[in-house]
Amino acid sequence: MSRWDAIVIGAGPAGIGGASLLAERGARVLLVDETPGPGGQIWRGIETVPESRAAILGPDYRAGAAEVARLRASGATLAFSTEAWRVEPDGTVWLRDAGGLRREAARHLLVATGAMERPVPLPGWTLPGVTTIGGLQILLKREGLLPRGPLALVGTGPLVYLYAAQCLTAGKRDLVLVDTARPGAMLAALPHLPRALLGHGPAYLAKGAGLLWQLRRAGIAVHTNARQIGIEPDGDGGLVLRFLGRGRHRLRLSRIGLHEGVIPETHLLRSLGCRMLWSAAAVAFHPARDRDLCSSLGHVHVAGDAGGVGGAMVALLEGRIAAMAILERLGHQVDPLLVSATRRARRAHLAARPLIERLYRPAPELLTPPDEVVACRCEEVRCGEIRASLAAGAAGPNQLKAFLRCGMGPCQGRICGPTLAQLTARIRGVTMEEAGWLTVRPPLRPVSVGEIAALASEEP
Amino acid sequence: MPFIRLDPPTPEAGPELFFEGRPLRFRPGETVAGALMAAGVTAFRETPVSGAARGPWCLMGACFDCLVSIDGQDNQRACMVAARAGMKVRRQIGARRDAAGAGK
Amino acid sequence: MSVAGELVVIGGGLIGAALAWGAARAGADVTLLDEGDIAFRASRGNFGLVWLQGKGLGHPDYMHWSIRAGRRWPELARILGEESGIDIGWRGGGGLHFCCSAEEMEQRRALIARTRAEAADISIELLDREALRERAPGIGPQVLGASLSDLDGEVSPLFALRAFHEGLVRHGGRLRTNFSAREIRRDPHRGFAIRDASGAEVTGRRIVIAAGLGADALARQIGLEPRLMPERGQIVVTDRVAPFLHHPASAIRQSREGTVLLGSTHEDAGFSTATEVEAIARLCRIGTRLFPALRSARLVRAWAALRIMTPDGLPIYDESPEMPGAFLVTCHSGVTLASLHALDLGPALARGDLGPAPRSMRSARLAVHPT
Ligand SMILES: Cc1cc2nc3c(=O)[nH]c(=O)nc-3n(C[C@H](O)[C@H](O)[C@H](O)COP(=O)(O)OP(=O)(O)OC[C@H]3O[C@@H](n4cnc5c(N)ncnc54)[C@H](O)[C@@H]3O)c2cc1C
Ligand SMILES: Cc1cc2nc3c(=O)[nH]c(=O)nc-3n(C[C@H](O)[C@H](O)[C@H](O)COP(=O)(O)OP(=O)(O)OC[C@H]3O[C@@H](n4cnc5c(N)ncnc54)[C@H](O)[C@@H]3O)c2cc1C
């Protein structure tokens with residue numbers, strides 16, 4: 001087994017940008033992704049999508065085709081339908097694909113594992129028929145599926161409006177938006193407006209305004225300042241959504257999508273032991289990174305949403321910035337002008353970020369849900385039990401996990417982790433950093449006992 | 001409530017899988033989760049903890065709420081497995097049984 | 001800020017928590033000190049067996065002490081369940097040790113003979129493959145038999161720990177987490193004063209050091225030298241499987257929830273709690289050899305925790321000769337011995353002595369004699 005110069009984990013914009021550049025400059029690169037092709041969240045299925053569907057998904061989606069073509073031409077070794085289930089600090093990456101488990105090793109790792117949707121525990125969120133809005137969008141991108149019957153999109157964040165607009169373009173009109181952003185969010189965002197007018201900020205703002213305009217023109221109902229949200233079965237295979245907005249509402253629906261923004265997927269980075277920081281603005285943890293996007297571990301770079309949510313263009317540029325840093329460490333010549341130009345471009349694309357983060361910040365009460373709400377979907381642990389355990393002295397998320405089993409199920413605490421940390425911080429009166437996080441242990445992806453047993457070198 | 005297939009709208013002929021013994025048409029390229037959802041299936045499993053009904057939540061492999069049994073292999077993530085002709089899919093009721101062998 | 005009490009237990013793992021619970025239940029005013037969310041904590045990473053087969057052979061005091069613990073476990077499980085409402089997952093009914101070769105069967109036979117010769121109050125029998133299949137129908141073709149002892153059992157160590165913590169508070173005790181004891185001093189008026197790095201202070205007329213691997217540094221301050229060493233153990237756990245294994249067993253355990261634990265390894269790895277693929281693979285190989293159907297189960301997690309080992313592998317129950325009223329308790333089978341710690345030793349410490357703990361288990365036995 002020979003060593004790669006770099007293994008890139010994740011073939012979204014960040015991984016594509018990084019792997020292309022590394023390979024073009026002659027580095028030996030392996031790019032892995034668990035999905036069947038390149039694209040990541042935004043360009044999912046870009047190589048196989050029928051033209052009619054690409055038209056629905058819009059120009060930002062189509063923009064991926066060129067980057068993916070560049071990747072294909074770059075000479076990087078590509079491994080799709082391949083999961084990284086264990087990554088070790090020395091650069092060892094354990095993979096799983098149709099052929100089984102195998103080990104690869106690299107001098108540098110570029111982690112580009114993207115983001116996940118922030119979990120939104122609220123009454124009824126575990127009912128069948130309730131999914132994330134990102135999940136609905138995946139069904140649209142990957143499989144061309146559009147929900148039939150009345151659909152409510154509940155929450156806040158650009159993806160809510162983007163998916164709503166995609167629904168409209170696809171001809172779906174029985175749609176209602178239930179916006180959970182607080183009216184105060186607008187005020188809190190205002191101080192960040194001037195910066196958002198620099199660089200590429202205006203383009204982002206125009207895009208957002210365009211989506212809103214499209215919804216308004218189509219006459220889509222938008223309920224604002226929605227609170228006290230709850231979902232129940234309607235007894236007839238459908239769902240009832242209740243909330244307090246301007247007055248009390250009770251809507252009968254066939255499907256509900258929830259979304260409160262996206263947060264970096266830090267599972268893999270935590271398993272490596274990378275240092276994490278809390279961002280109050282983004283309401284999320286992200287890895288500490290230097291100018292070169294290097295994490296607290298010298299040979300682990302992080303690009304794209306995994307390092308802090310910035311969107312596709314930022315991800316692509318970060319992939320290139322990290323690639324240039326890695327190339328330099330590998331002894332390649334890198335044009336310093338290119339480095340600084342790429343850095344500048346990234347900053348320009350980030351201009352509107354602070355504004356967007358504040359506009360779409362989740363309402364605080366959504367982060368620490370009422371007692372009866374299930375926080376851990378796997379082990380069905382409710383917020384009330386978690387609060388009681390903390391009040392009785394449990395020190396933090398790991399003690400909660402030991403005592404209540406929250407975070408012990410198959411999802412390994414990906415879904416309940418943020419809630420455990422928030423509840424710990426709130427009840428113990430400590431910062432999010434002090435509250436801590438569930439210790440992440442491999443495997444990061446499901447692996448069977450039989451598959452691992454086959455790795456044993458000798459009879460025990 | 002089922003989903004609308006955008007392209008092509010409804011397969012008239014084409015591959016079938018079996019869900020709880022019932023034949024179900026799908027379009028190549030769909031995952032098991034997509035195929036079931038398109039057919040109007042919402043509850044994919046009953047949890048081993050309380051028996052509560054659950055269906056897909058994240059559709060990207062992270063949440064493990066869309067678990068089904070596929071060709072005798074239990075606890076498979078329906079959202080990550082491509083649908084194949086002739087596949088036998090069942091709801092995952094409680095804990096997995098395949099690993100219990102003769103002892104169950 | 002200073003908190004005063006009668007008995008202060010340093011260390012909220014299974015040992016400290018059991019002692020604190022037992023003392024509080026006997027009427028003492030108890031404060032239990034523990035570190036924060038992340039610490040070296042064997043009690044949160046162990047296999048959960050109450051295991052007596054072969055334990056203490058050649059060390060009669062330890063053997064009888066352990067067997068006595070096994071006999072008291074059903075009573076402890078009942079009391080904890082009644083008091084806390086937490087089902088701690090106790091299951092007795094005999095533990096299996098599987099044998100996959102004629103040589104292993106022979107070793108088990110010898111162990112049984114030795115146990116009888118040392119007059120242990122425990123019955124162990126050897127089951128052949130057919131007899132074993134009645135109890136464990138899913139075993140693989142390589143399994144030739146198993147030894148079965150009447151006293152072995154299993155428990156959820158995590159729920160037991162929680163029941164001790166909650167029970168302590170219910171009995172009027174105090175639990176103080178995020179308190180990492182650093183300094184122990186005699187206090188002329190209040191017995192002992194314990195401080196952490198931030199200067200917070202807790203005082204008590206008597207103290208018990210039950211701080212796992214943290215005990216070494218603290219014990220030195222009361223004139224004792226346990227010279228504890230870490231020993232790493234790796235364990236893997238699967239997703240929930242329908243019940244198939246109805247006995248506790250030494251390398252595989254099915255929890256009440258249905259998850260299957262495979263473990264645990266014994267390694268010298270310093271203070272590292274990292275896992276290694278080779279070791280995990282071996283555990284899985286053993287598991288699938290015992291129960292081939294397990295192949296399709298999914299690994300949910302692999303972890304490592306550190307055992308707390310004394311130089312001779314025997315427990316330490318000691319009181320400081322220089323500072324009477326300061327005690328040290330540590331052992332490597334804290335799940336197994338939890339019943340005695342909770343029901344006998346805790347109440348004794350509430351009175352101010354080590355009660356029934358054998359004197360041969362004082363740390364003086366470990367003294368490095370000048371030659
Ligand atoms: C559900 C969802 C939908 C979104 N939709 C849009 C959209 O329509 N438009 C938009 O502008 N932005 C969207 N975003 C935001 C989006 O994340 C960014 O715009 C952009 O895709 C970030 O690029 P990235 O390369 O950092 O990460 P991603 O695009 O998320 O790519 C990460 C890749 O890593 C792979 N991966 C992760 N872990 C592993 C592992 N252990 N082994 C193997 N592979 C792994 C994933 O399969 C994925 O392909 C969405 C985000 C989410 C979470
Ligand atoms: C892999 C493995 C498998 C095992 N399997 C079994 C089994 O099947 N059966 C069995 O009987 N035993 C088993 N054991 C052993 C058992 O887990 C231990 O004997 C028992 O948990 C020890 O408990 P403890 O309280 O001494 O130590 P710990 O659990 O380590 O607890 C010590 C506590 O003291 C605290 N502490 C440390 N320093 C300080 C300080 N300065 N101030 C305040 N608090 C402090 C720590 O935070 C910790 O909470 C196993 C152990 C391991 C590692």
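## Strands and a starting point

A strand here is a DSSP run of E of at least two residues, numbered from the N terminus. By that rule C:E154 sits in strand β7 of chain C, which covers residues 153-154. Keep in mind that this is a predicted model.

## Around C:E154

Is C:E154 buried or exposed? The cut-off for buried is under 20% relative accessible area. C:E154 has a relative accessibility of 1%, so it counts as buried.

The side chain of C:E154 has polar company, too. It makes a polar contact of 2.7 Å with the side chain of C:R91, and another of 3.0 Å with the side chain of C:R253. Leaving aside residues up to four places away in sequence, C:E154 also touches others, including C:W90, C:H247 and C:P248.

## Where ligand 1 sits

Now over to chain A. Domain 1 (3-116 + 263-334) and domain 2 (119-260) both give residues to the shell around ligand 1, so the ligand lies between them. Several elements of chain A supply at least two shell residues each, among them α1 (13-24), β4 (83-87) and α11 (312-329). The top contributor is α5(A), with 3 residues.

## What surrounds ligand 1

There are 31 residues around ligand 1, and A:A14, A:D33, A:Q41, A:Q137 and A:D305 come nearest. By class, the shell has 12 nonpolar, 12 polar and 7 charged residues.

A few polar atoms stand out. An oxygen atom of ligand 1 is 2.6 Å from an N or O atom in the side chain of A:D305, while a nitrogen atom of the ligand lies 3.1 Å from a polar side-chain atom of A:R445. On its own ligand 1 would expose 960 Å², and the protein buries 92% of that.

How values were computed: Residues are numbered from 1 along each chain as its sequence is written. Chains are lettered from A and ligands numbered from 1 in the order in which they are written. This is a predicted model: local features need pLDDT of at least 70, side-chain atom pairs count only at pLDDT 80 or more; totals for chains, interfaces and linings use all residues. Side-chain values use heavy atoms; hydrogens and water are left out. A residue is near a molecule or strand if one of its heavy atoms lies within 4 Å of it. A polar contact is a pair of N or O atoms within 3.5 Å; within protein, one must be able to donate a hydrogen and the other to accept it, and residues adjacent in sequence count only if both atoms are side-chain atoms. Accessible areas come from the Shrake-Rupley method with a 1.4 Å probe; for residues, only the protein chains shown count as cover. Helices (H or I, at least four residues) and strands (E, at least two) are DSSP runs, numbered from the N terminus. Ala, Val, Leu, Ile, Met, Phe, Trp, Tyr, Cys and Pro count as nonpolar, Asp, Glu, Lys and Arg as charged, and the others, Gly among them, as polar. Domain bounds come from an automatic or database domain assignment. Buried means under 20% relative accessible area, exposed over 50%, partly exposed in between (1.4 Å probe, protein chains only). Contact means heavy atoms within 4.5 Å.
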